[in-house]
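Q: I have a model open and want to learn to read its pockets and salt bridges. Can you take me through them?

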Amino acid sequence: MSATRWLTDDEQQVWRAFYAAVDLLRGHVEGQLQRDAGMPHTYYEVLVALSEAPGRTLRMSELAQRCRSSRSRLSHAVARLEENGWVRRRSCPTDKRGAFASLTAEGLAAIEEAAPGHVEAVREALFDALTPDQVRALGEISAAIQGRLTPRCAAALAELDEVG
């Protein structure tokens, strides 16, 4: 077993500041969506993914990947969105285990109504606090972290799907 690579004092400070910033940003955005649109961010993410998909339809497994969610957690969210009339689910004709989720006209209206407030909350909390150079740097940093973690997280979600 290799020795633990402890964080330096500077790294510890950056880690805590980063974690706090992400946590505060997530809470700010979640609160805005709940207050102004009556939906959690998870539902907003599903609606956005479907609104951007060809024909506003995605296979459930692909929707889970795009939303970085396990299939069982996504299935629960889609069931709630169906209850709201925002999403319609249908079986895949060529694969009995597969299903498609489609954004309804009501779902599109819900996302179009929620988007302006959401975008303003993101802009005010994140982008207005940064210079253009910091925005570029944040994009590069985010891409580097995503590139490193995406394969690991995909494997973990696949494992959850096998178990659940």
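**Reading a pocket and its salt bridges**

A: Start with the second largest pocket of this predicted model. Helix α4 gives the largest share of its lining, three residues.

Q: How is empty space found, and how much space lies in the second largest pocket?

A: Rolling a probe the size of a water molecule over the atoms shows where empty space is left. Here, the second largest pocket holds about 290 Å³.

Q: Which elements give two or more residues to the lining of that pocket?

A: They are α3 (60-66) and α4 (71-83). Among the lining residues are M60, S61, R71, L74 and S75. R89, D95 and R97 also line the pocket.

Q: What classes of residue make up that lining?

A: Five are charged, three polar and three nonpolar.

Q: How many salt bridges does the whole structure have?

A: Six. One of the lining residues, R89, forms a salt bridge with E82, at 2.9 Å from N to O. E82 is partly exposed at 30% relative accessibility. R89 is partly exposed too, at 27%.

Q: Which parts of the chain does the E45 and R68 pair link?

A: Distant ones. E45 sits in helix α2 (residues 41-52), and R68 in the loop between α3 and α4, 23 residues apart. Their closest N and O atoms are 2.7 Å apart. R68 has a relative accessible area of 52%, so it counts as exposed.

Q: How many residues separate D133 and R136 in helix α6?

A: Three, so about one helical turn separates them. Their side chains meet in a salt bridge at 2.3 Å, N to O. D133 is exposed, at 52% relative accessibility.

Key: Residues numbered from 1 in each chain as written. Predicted model: local features only at pLDDT ≥ 70, side-chain atom pairs only at ≥ 80, totals over all residues. Heavy atoms only, no water. 1 Å grid on protein atoms, 1.4 Å probe; cavity = no way out; pocket = protein on both sides within 12 Å on 5 of 7 lines; lining within 4 Å. Points joined across faces, edges and corners; volume = space filled by probe spheres on them. Helix = DSSP H or I, 4+ residues; strand = E, 2+ residues; numbered from the N terminus. Nonpolar A, V, L, I, M, F, W, Y, C, P; charged D, E, K, R; others polar. Salt bridge = Lys/Arg side-chain N within 4 Å of Asp/Glu carboxyl O. Buried < 20%, exposed > 50% of the residue type's maximum accessible area, 1.4 Å probe, protein only.
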